[in-house]
Amino acid sequence: MAEPHVLLTGATGTLGQTLRPELAADGLTVRAASRSPPPETADEWVTLDLTDGTGLERALEGVDIVVHAATAPRGDSEAVDVRGTERLLEAAADSGVSNFVYVSIVGVDQIPYSYYEHKLAAERAIESSPVPSTIVRITQFHSFVFDLLSTIARLPVWPLPTAFQLQPIAVDEAGTALTDYVTLEPHGRCAPLGGPHVHSLGDLARAYRAEHGHWRPIIRLPLPGAVASGFRAGAATCPNRTVGTTSWNAWMATHSDKTS
Ligand SMILES: NC(=O)c1ccc[n+]([C@@H]2O[C@H](COP(=O)([O-])OP(=O)(O)OC[C@H]3O[C@@H](n4cnc5c(N)ncnc54)[C@H](OP(=O)(O)O)[C@@H]3O)[C@@H](O)[C@H]2O)c1
């Protein structure tokens with residue numbers, strides 16, 4: 001039997017870049033997709049824009065499994081994450097896809113942040129579609145927290161919602177755990193994937209500051225509202241699912257070249 005053919009959306013993204021070689025190493029034939037494929041590559045790439053469906057038909061031709069990791073957290077997430085996912089699902093149904101793997105985020109059902117609401121709407125569209133599916137929620141990547149703190153690090157004082165609870169995970173460990181679900185059989189809604197420790201954002205920022213030799217004051221930013229209270233209550237964490245093993249400090253030690 002031929003190797004299963006996988007369409008990976010968001011292949012140029014943080015997760016997509018680590019997933020692509022992992023899936024290929026597992027013996028799967030990977031078709032990578034994004035709006036801007038690299039100009040020269042030996043791998044199979046397609047140009048896909050989920051906001052208007054450009055490239056969808058070609059992307060799904062002969063595909064057995066979809067791994068949907070495209071997202072627009074800083075753009076129009078309703079167009080990409082909700083409408084784009086619905087569009088992708090319709091095309092997946094027409095192509096007879098046997099497993100539609102969706103990457104989601106821990107806490108999307110409890111934290112009413114608009115991007116999370118769009119991720120939740122995408123989860124619901126997937127569950128109500130006839131396409132067999134797998135939904136895996138993951139906690140924040142170390143690189144995401146790092147980039148956030150690197151932006152703040154330029155300020156003379158660091159105003160942060162220090163009581164937010166996070167459980168960051170190394171993206172390569174999340175990718176490795178995710179590949180277990182990339183099979184011809186769907187897995188339904190799966191247990192979440194989290195990093196090794198739950199930390200407050202204040203603790204993560206203090207460790208970051210020490211790692212980079214900054215000594216700027218960290219000021220607690222009091223944020224009102226349901227989004228902030230959800231993060232403070234730990235809704236973005238899954239302490240019983242510590243899948244990643246690389247700690248925040250260990251991850252920073254190997255990424256010090258990315259310092260601000
Ligand atoms: N970052 C985190 O901490 C984190 C944590 C847990 C779960 N997740 C989830 O993991 C998944 C991957 O996240 P990530 O951080 O790797 O995302 P990312 O780095 O922001 O990458 C987003 C990807 O989506 C593609 N994309 C954006 N707009 C598109 C469009 N209109 N049509 C087609 N492709 C489009 C981008 O490629 P082009 O720009 O080339 O099109 C890129 O490849 C997402 O579902 C996210 O919610 C992320």
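## Starting point

Two residues are in contact here when they have heavy atoms within 4.5 Å of each other. Please keep in mind as you browse that this is a predicted model.

## Helix 5 and its cover

With that in hand, let's look at helix 5, which runs over 142-152. Its buried residues are His-142, Ser-143, Val-145, Phe-146, Leu-149, Ser-150 and Ile-152. An α-helix has 3.6 residues a turn, so residues three or four places apart point the same way. The elements that cover the buried residues of helix 5 include two strands, strand 7 and strand 8, along with helix 1, helix 7 and helix 9.

Leu-149 is a good residue to click on. Beyond residues up to four places away in sequence, Leu-149 touches Leu-160, Leu-201, Leu-204, Ala-205, Tyr-208 and Trp-248.

## Two nonpolar cores

Leu-149 also leads us to the largest nonpolar core, a set of 29 residues. Together with Leu-160, Tyr-208 and Trp-248, Leu-149 has the most contacts inside this core. At least two residues come from each of helix 4 (114-127), helix 5, strand 7 (158-160), helix 7 (201-212), helix 8 (226-232) and helix 9 (248-253). Helix 7 is the top contributor to this core, giving five residues.

A second core, with 27 residues, lies apart from the one just described. Leu-23, Val-30, Ile-138 and Ala-177 are among its members.

## The ligand and its shell

Now for the ligand, which has 28 residues around it. The closest of these are Thr-12, Leu-15, Arg-35, Ser-36 and Lys-119. By class, the shell holds 13 nonpolar, 11 polar and four charged residues.

Several polar pairs involve oxygen atoms of the ligand. An N or O atom in the Arg-35 side chain sits 2.8 Å from a ligand oxygen, and a polar side-chain atom of Ser-34 is 3.0 Å from a ligand oxygen. At Gly-10 the partner is a polar backbone atom, 3.2 Å from an oxygen atom of the ligand. On its own the ligand has 900 Å² of accessible area, and the protein covers 89% of that. Helix 1 (14-25), strand 5 (99-105) and helix 4 are the elements giving two or more residues to the shell. Strand 5 gives the most, with three residues.

## Leu-120 on helix 4

Helix 4 takes part in both the largest core and the ligand shell, and Leu-120 is one of the residues in this helix. Buried means under 20% relative accessible area, so Leu-120, at 12%, counts as buried. Leaving aside neighbours within four places in sequence, Leu-120 is in contact with Val-108, Asp-109 and Arg-137. If you like C-alpha distances, try Leu-120 to Asp-81: the two are 39 residues apart along the chain, and their C-alpha atoms are separated by 9.4 Å.

## A buried glutamine in a loop

Last stop: Gln-167, found in the loop between strand 8 (165-166) and helix 6 (171-179). Gln-167 has 0% relative accessibility and therefore counts as buried.

Which backbone atoms does its side chain reach? The Gln-167 side chain reaches the backbone nitrogen of Cys-238 at 2.6 Å and the backbone oxygen of Gly-195 at 2.8 Å. Outside its neighbours within four places in sequence, Gln-167 has contacts including Thr-139, Gln-140, Gly-194, His-197, Val-198, Thr-237, Pro-239, Arg-241 and Thr-242.

Technical notes:
Residues numbered from 1 in each chain as written. Predicted model: local features only at pLDDT ≥ 70, side-chain atom pairs only at ≥ 80, totals over all residues. Heavy atoms only, no water. Core = buried A, V, L, I, M, F, W, Y, C linked by side-chain atoms within 4.5 Å. Buried < 20%, exposed > 50% of the residue type's maximum accessible area, 1.4 Å probe, protein only. Helix = DSSP H or I, 4+ residues; strand = E, 2+ residues; numbered from the N terminus. Near = heavy atom within 4 Å. Polar contact = N/O pair within 3.5 Å; in protein donor to acceptor, adjacent residues only side chain to side chain. Areas by Shrake-Rupley, 256 points an atom, 1.4 Å probe, with all protein chains shown as cover. Nonpolar A, V, L, I, M, F, W, Y, C, P; charged D, E, K, R; others polar.
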